[in-house]
Amino acid sequence: MSTVLVVAEHLGGKLNPSTAKCVTCAATVSGAAIDVVVFAADGAAVAQEAAALSGVRTVLRVDNPANAEPIAAVLAPQIAKLAANYTHIFGPSTTFGKDLMPRVAGLLGVNQVSDVMAVEGPHRFKRPIYAGNAILTIDAPADAKVVATVRVASFEAAAAGGSASVEPVALDVPLPGHTLFIDRSAAKPGRPDLQSARRVVSGGRALGSGENFKIIYSLADRLGAAVGASRAAVDAGYVPNDMQVGQTGKIIAPELYVAIGISGAIQHMTGIKDARTIVAINKDSEAPIFEIADFGLVGDLFTIVPELEKQLGA
Amino acid sequence: MRRVMVGIKRVVDFNVRVRVRPDNTGVITDGVKMSINPFDEIALEEALRIKERGLADEVLVVSVGPTDAQQQLRTALAMGADRAILVQNDGSAAPLTVARVFRKLIDRESPFLVMLGKQAIDDDNGQTAQMLAALWDRPQAVACSKLTLADGKATATREVDAGLETNEIELPAVVSVDLRLNEPRYVKLPDIMKAKKKPLDTVALGDLGVEVTGGFKTVRVEPPPQRQKGIMVKDVGELVAALKKKGLV
């Protein structure tokens, strides 16, 4: 029988929704017992939230002042110690889990299954490679522990309604002092974060200048959207490269993606193909972006975008 | 000798449209343009800048891969690396194996900093740096978008879902880098000529005495579900109506 340990992600005393999605993924490992572990200085509130997730057997609460911040080098040896009781150790494929879980795998001497999209058996998983341009099905060795990160976009959050017990756990593991947390700054206020936004408006080289990008920002603000850009617009110096959407920039999956003056280079399309709905506005009716757009509109962006903003406000 | 070791992976160029083989055993790589993994190029650029600021004496580039990976190592030397090692391996090495190779080379080369890309754009595993840090029992700074070195320590900032996170780590350490850290330099022709004279050593993976744990067994590689081509609207009014109908605005 499989026993899955899910490593909880939390911030500011609140459980991150990624944890509930990992629990859903864990529940697809047939017949698995699912425990959640919470590392914190004081994990009471987070452990209660985790205990309420449907399908969870036990919440392990590891309180320690050293666990106040999620430092991978501090958490990994504690998880490796707990791993003795489990067949699978899952964490979310978020910046938290991507930092932490491979370190756990390294300590356990196994390769990690990164970005699990589907569980096909206790040791068989589907995951994206080449930025999602191919889907790989793999068999992990049946005689070794499975350490995996869960692609949170592939799973719904586990429902509330559970009533797992919460067990305090003391772990006797030497912890390193070589990593010091300095600070965490909130994302830029005002506009949503590109990576997690429900709506994204992106501009391409056809904008012609950084100054002209103001019509993109204006439309984005009307929609409550984050702003992105194609690599061509970044390379041309119109916008900074943290706004780049594409294979070597950010791979995003918003509900609505509006591509403005973007022709649709392969590397850009790779970054947006999981978007629910794609709108493309381009003056070239032959632009490749129209091949994957749900709605395409051919015309001059400098006329269309202000008009679109106006009509959305009406 | 203050040495920075940089990992270089040979991958399918990011501009290539990757296609799955008809027999579903992998993707087509025959006759496809190969390049340095873009994140590794950023790691190398950062290492070169560290050396140019006088904070390191040597930049050593290491690749685990086929004989042809010499091309990518030569490019790295042309960018400015001083020396290269190819750990020759004809198959695909799993991240744990690559981490063990680097761990072994650390004993020989004693770098104060190991720099890697945050992930390779072929397998998208994103594991090697963290595994190496675990095996070495040293700090890790993952997906750095800003890095400063001073007094035997590094201050590293990375983008996290909540914003930006900064940690201070003691050296030696493993750092993996993200896109935002820098823009790699272009290679100039005279540098390509000079790079031909720089040392490039080759060692077989089997001769390193590294334990090779089998990677995962590939069951099947498939193309992702294709998006359907949608509809062309004739004006803004029609577009807004369509979006409203789908409840998107």
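**Exercise 1. Which residues of H9(A) are buried?** Determine also how they are placed around the helix axis.

*Solution.* The model is predicted: local features need pLDDT of at least 70, side-chain atom pairs count only at pLDDT 80 or more, and totals for chains, interfaces and linings use all residues. Residues are numbered from 1 along each chain as its sequence is written, while chains are lettered from A and ligands numbered from 1 in the order in which they are written.

Step 1. Helices (H or I, at least four residues) and strands (E, at least two) are DSSP runs, numbered from the N terminus. Helix H9 of chain A covers residues 301–313. From its first C-alpha to its last, this helix of 13 residues reaches 18 Å, close to the 18 Å expected at 1.5 Å a residue; the expected span is 1.5 Å times one less than the number of residues.

Step 2. A residue is buried if 20 or more other C-beta atoms, placed from the backbone, lie within 10 Å of its own, exposed if 12 or fewer, and partly exposed in between. The buried residues of H9(A) are A:Leu301, A:Ile304, A:Val305 and A:Leu308.

Step 3. These residues lie on the same side of H9(A), because they cover an arc of only 95° around the axis. The arc is that of the directions from the helix axis to the C-beta atoms. An α-helix has 3.6 residues a turn, so residues three or four places apart point the same way.

Step 4. On the other side of H9(A), A:Thr303, A:Lys310 and A:Gly313 are exposed.

Step 5. Two residues are in contact if their C-beta atoms, placed from the backbone, lie within 7 Å. The buried residues of H9(A) pack against H5, S16, S17 and S18 of chain A, together with helix H6 (236–245) of chain B.

**Exercise 2. Trace the strand pairing that involves S18(A).**

*Solution.* Step 1. Two strands pair if DSSP finds at least two bridges between them. Within chain A, strand S17 (residues 277–282) runs parallel to strand S18 (residues 295–298), and four bridges join them. In this pair, A:Ala280 stands opposite A:Gly296.

Step 2. S18(A) also pairs with strand S13 (residues 231–233) of chain B, in the parallel sense and over three bridges. Here A:Gly296 stands opposite B:Met232.

Step 3. The contact between the chains takes 73 residues from chain A and 67 residues from chain B. On the side of chain A that touches chain B, 35 residues are nonpolar, 24 polar and 14 charged. In this count Ala, Val, Leu, Ile, Met, Phe, Trp, Tyr, Cys and Pro are nonpolar, Asp, Glu, Lys and Arg are charged, and the others, Gly among them, are polar.

**Exercise 3. Describe the nonpolar cores.**

*Solution.* Step 1. A nonpolar core is a set of buried Ala, Val, Leu, Ile, Met, Phe, Trp, Tyr and Cys residues joined through C-beta atoms within 7 Å. The largest has 138 residues, of which A:Val6, A:Val38, A:Val104, B:Val6, B:Val61 and B:Val175 touch the most other members. Helix H3 (residues 72–82) of chain A gives the most to this core, with eight residues.

Step 2. Among the residues that B:Val61 touches, not counting those up to four places away in sequence, are B:Val6, B:Ile8, B:Leu44 and B:Leu73.

Step 3. A second, separate core of 51 residues includes A:Leu194, A:Val227, A:Ile260 and A:Phe290.

**Exercise 4. Where in chain B do B:Ser110 and B:Ala143 lie, and is each buried or exposed?**

*Solution.* Step 1. B:Ser110 lies in the loop between helix H3 (95–109) and strand S6 (113–117) of chain B. Its phi is near 45°, a positive value in a residue other than glycine. B:Ser110 is exposed, with 12 other C-beta atoms within 10 Å.

Step 2. B:Ala143 is in strand S7 (residues 140–150) of chain B. The phi of B:Ala143, near 55°, is likewise positive in a residue other than glycine. B:Ala143 is buried, with 26 other C-beta atoms within 10 Å.

**Exercise 5. Which peptide bond is cis, with omega near 0°?**

*Solution.* Step 1. The bond runs from B:Leu171 to B:Pro172.

Step 2. B:Pro172 lies in the loop between strand S9 (163–170) and strand S10 (173–177) of chain B.
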